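The following exercises invite the reader to examine one helix and its surroundings step by step. Each task is followed by a worked solution.

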Amino acid sequence: MANNFPILVDRIKRDGRSLEGGILKVDGFINHQLDPDLLYHMSQEFARRFDPNSYNKILTIEASGIAPAVMLGYLTHKEVVFAKKKKPSTMNNMLVTEVFSFTKNTTYQICVSGEFLSADDKVLFIDDFLANGKAASGILDLVKQAGATLVGMGFLIEKSFQNGGKMLRDLNIHVESLATIASLDNCEITFEK
Ligand code: G4P
């Protein structure tokens, strides 16, 4: 059963658009233009669902995960690290993995410095979308390479008609999604009950 957060559901109903190919357009309030009030409420909800005492670091991936991750980090006073999609020449002790994007049909690398993700860290991963879970799998690999502990994964929007949520929950990962979309067929947005 989905645990939908009413403030986000209402906003998606009002301003979200369903596009061809199972894509939900939310660029007016999540991944291009940002609504800080909405980000604040969503991050408060993450702080309620994941005990802030259980993690010391928030991990995300650039670009769209950064805003909710930083807002949560501000509220809970945790450091935030974002995996980068371009390898910086100056990074020390770089951990790297590959991610396949179904949406963009390309493979890309994400990397994080071992200086900022290490065996001492208890990590909460935050991202905007959970679709096929490829980005999340890449994060699992980086956390494993670092010897860190994953505490949970929080997503603003999960598309339950794609298989990322099932894959992560089958691994016994604590997954929380603030809005779960069951279908985007016929350009209609149907939420999981
Ligand atoms: P996956 O990681 O769950 O397997 O998903 P997928 O490869 O399909 O997603 C890759 C990118 O597409 C991610 O952003 C993800 O946030 C985004 N995405 C997935 N489904 C949707 C959707 O329905 N609507 C929108 N607007 N985006 C979606 P990214 O490439 O990392 O880009 P960004 O973080 O720089 O925005």
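**Exercise 1: The surroundings of a helix**

Task: Determine which elements the buried residues of α2 pack against.

Solution. The buried residues of α2 pack against α1 (6-15), α3 (66-76), β7 (122-130), β8 (149-159) and β9 (175-183). Contact here means heavy atoms within 4.5 Å; helices (H or I, at least four residues) and strands (E, at least two) are DSSP runs, numbered from the N terminus. The model is predicted: local features need pLDDT of at least 70, side-chain atom pairs count only at pLDDT 80 or more, and totals for chains, interfaces and linings use all residues. Residues are numbered from 1 along each chain as its sequence is written, and side-chain values use heavy atoms, with hydrogens and water left out.

**Exercise 2: Length and sides of α2**

Task: Compare the expected span of helix α2 with the distance between its end C-alpha atoms, and state which residues are buried.

Solution. Step one: the expected span is 1.5 Å times one less than the number of residues. For the 14 residues of α2 (residues 36-49) this gives 20 Å, and the end C-alpha atoms are 20 Å apart, which agrees.

Step two: Leu38, Leu39, Met42, Ser43, Glu45, Phe46 and Arg49 are the buried residues of α2, where buried means under 20% relative accessible area, exposed over 50%, and partly exposed in between (1.4 Å probe, protein chains only). They cover an arc of only 155 degrees around the axis, so they lie on the same side of α2; the arc is that of the directions from the helix axis to the C-beta atoms.

Step three: the face turned away from this buried side carries the exposed residues Pro36, Asp37 and Arg48.

**Exercise 3: Aromatic pairs**

Task: State how many aromatic pairs a search of the whole structure finds, and describe two of them.

Solution. The search finds three aromatic pairs. Rings of Phe, Tyr and Trp (its six-membered ring) pair if their centres lie within 6.5 Å; planes under 30 degrees apart count as stacked, over 60 as edge-to-face and the rest as tilted. Phenylalanine 46 and phenylalanine 50 form a tilted pair, 6.4 Å centre to centre with 35 degrees between the planes. For phenylalanine 125 and phenylalanine 155, the centres are 5.9 Å apart and the planes at 75 degrees, so the pair is edge-to-face. Phenylalanine 125 lies in strand β7 and phenylalanine 155 in strand β8, so this pair ties together parts that are 30 residues apart in sequence. Both phenylalanine 125 and phenylalanine 155 are buried.
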